[in-house]
Amino acid sequence: MPYLGSEDVVKELKKALCNPHVQADRLRYRNVIQRVIRHMTQGLDMSGVFMEMVKASATVDIVQKKLVYLYMCTYAPLKPDLALLAINTLCKDCSDPNPMVRGLALRSMCSLRMPGVQEYIQQPILNGLRDKASYVRRVAVLGCAKMHNLHGDSEVDGALVNELYSLLRDQDPIVVVNCLRSLEEILKQEGGVVINKPIAHHLLNRMPKLDQWGQAEVLNFLLRYQPRSEEELFDILNLLDSFLKSSSPGVVMGATKLFLILAKKFPHVQTDVLVQVKGPLLAACSSESRELCFAALCHVRQILHSLPGHFSSHYKKFFCSYSEPHYIKLQKVEVLCELVNDENVQQVLEELRGYCTDVSADFAQAAIFAIGGIARTYTDQCVQILTELLGLRQEHITTVVVQTFRDLVWLCPQCTEAVCQALPGCEENIQDSEGKQALIWLLGVHGERIPNAPYVLEDFVENVKSETFPAVKMELLTALLRLFLSRPAECQDMLGRLLHYCIEEEKDMAVRDRGLFYYRLLLAGIDEVKRILCSPKSDPSLGLLEDQAERPVNSWASDFNTLVPVYGKARWATISKYQWAERRGPELPNTASFATPGPLIPEESKETVQELPDSEALMLVPSCQLTAEYFEKTWFSLKVAHQQVFPWRGAVHPDTLQMALQVVNIQTIAMSRAGAHPWKAYLGAQDDTGCLFLTELLLEPESSEMQISVKQNEPRTETLNSFISVLETVLGTIGDIKS
């Protein structure tokens, strides 16, 4: 939203920029330009002084040039005709004796995202590639990639590619890295830059002269080269050895991944490399950067899949600090569970025990579950700690301890007696569904060992009408029928009452069907009930799932130093799919829309909106950012492709509607305020093939129908129908929320 009085500010600055007395004073002139930039960064529309700023670029003051060029790059997409007037000044500056001016002008010219600029920047870029100043060559190399993007899907210029390949042997190391980046962008349709033996060896020899960012980049490109002989392989590994001790975590991780990939036929070499990087990884796990710490912990867990005891001697490095964020604490607890052995089990359990009373209920519960995981190996010590935690009489602790006991007696039947002795009295502190289900299951399966089991279940039966969770009612039915088989005299009456309620009064169909099933099962005879319900009370063999065989390093080496350890393989594949679709979309002016973000949708409504039909025929990309000017121009140039009316009652809530549309990647260009008559909204969206959908929503006063008009830049019936389906779902969901 523009600031109040912005028009007056623009007029004042325009007057100052045109004042000859201000122009004569270099310092005053620069201060006025700085005010323009300041207002621009604060959100004011300063496009009204574009012509005056273009005139200000004709100066020898390099600071003033930087400010003016920044302004021009920002507003060139909005003022393409006027921006062409600045091309002459930029071309002239590309021949300036000062290399800083030449580089600045070339960089600014390549950043003018507007039609028709390609023909002006081609020759300055070619001249810049042969410039004597390394700074100009750096800018020109990156400008090649920008120029290629401006041309869109045109053929790759072979001469330009050859020029960039030759610049890989440039004396300046930054030029070399920029060449790799540009070639990767230009040749992405052909698979990216090709790394052959001469290029690979040249890059390896230039590595020490690169900065840490360049080294990490080159290590990533070297993954594409496969040595032709074992001798060459070990020569490369010897050159890389020093980078495993770099002070930059990115370089260490890149070198480690390259080691693991190249040495895939030599497992002992892979193990030696992982031993060498233990120190840098531990340092990263203690880093002040939370993002770096979290990523390092995820990679530690990945290494532990192949080397289970790799970090056991450094287990104290993974103890949690009170000031660490929740997500890092959870990762450290997971790592601690994998590092437990006979030597450190006591210290680790004591540390986890302290976490169980943390002020964060979620972290406390995670620590209790961790103790339950360790209990599969060290049962007696863990059961004792869990029993003591029950004595704290805190709801969130008791709930998770009972769930842990339920899993534990199933996997480790030797602890059943201790668990049964700890259960009496804990029912008073359990309120949530999961805790109730776990307790009821324990009372039903092992009720013959718990003296007050029937009476605890009777309390649940007495309160069954007020129970809000159907899963608890179904668990209660099963548990009570099981306990009836071992203690019939104490359970017969309450079982009858429970069955009567579930069959005659219960509204939930799943609970009612379960009750009918058990009633008919009882009519078939006790022997039949025992045959069906008396299943094993434990299965220790399932505990062996935790002791799976060690995974070979090669199974995850290609995922090392990527986001796969952070997100997981399946989730990262989904994210990459959407990123690829986003990159395929045509670039539109990346300026802020005039829509104002509203408050978040309520959680119960947000879940409904997110469950929209996922049609394979349509994928709306989130990167589409249409300006109001572009929308208006395109809207009047297209014909209406689809028009319909949609039932609607009452007024529209713009904030809720806008947020719901944002969830499905539909951009709000403009929207009337709440209560406006008539109410209108203009929407824009783009699919992964570049097809645009421009939409108008119209609600007339006292009308019960909303009119929807959609225009499409390419006539595609299937995608149009899919888009209409998504839009109808959003409007229907918001209509249900509002009513």
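A residue counts as buried when its relative accessible area is under 20%. That cut-off serves two stops of this tour, which runs through a predicted model.

**Stop 1: the domains.** Colour residues 5-227 as domain 1, 366-534 as domain 2 and 628-735 as domain 3, following the domain assignment of the protein. Then place a marker at the C-alpha centre of domain 1 and another at that of domain 3; the two centres are 38 Å apart.

**Stop 2: helix α26.** Select residues 433-445, which form the 13-residue helix α26. From the first C-alpha to the last, α26 reaches 18 Å, close to the 18 Å expected at 1.5 Å a residue. Next, colour the helix by accessibility: α26 is mostly covered, with twelve of its 13 residues buried. The buried residues include Lys436, Gln437 and Trp441, and among them are also Leu439, Ile440, Leu442 and Leu443. To see what covers them, display α24 (395-411), α27 (453-462) and α28 (470-486), against which the buried residues of α26 pack.

**Stop 3: lysine 65.** Move to helix α5, residues 62-75, and select lysine 65 within that helix. Is lysine 65 buried or exposed? Lysine 65 counts as buried because its relative accessibility is 3%, and the limit for buried is under 20%.

Now show the side chain of aspartate 93: a polar contact of 2.7 Å joins it to the side chain of lysine 65. To complete the view, add Ser57, Thr59, Val101 and Leu104, which lysine 65 touches along with Asp93 when residues up to four places away in sequence are not counted.

Terms used. Residues numbered from 1 in each chain as written. Predicted model: local features only at pLDDT ≥ 70, side-chain atom pairs only at ≥ 80, totals over all residues. Heavy atoms only, no water. Domains from an automatic or database assignment. Helix = DSSP H or I, 4+ residues; strand = E, 2+ residues; numbered from the N terminus. Expected span 1.5 Å × (residues − 1). Buried < 20%, exposed > 50% of the residue type's maximum accessible area, 1.4 Å probe, protein only. Contact = heavy atoms within 4.5 Å. Polar contact = N/O pair within 3.5 Å; in protein donor to acceptor, adjacent residues only side chain to side chain.
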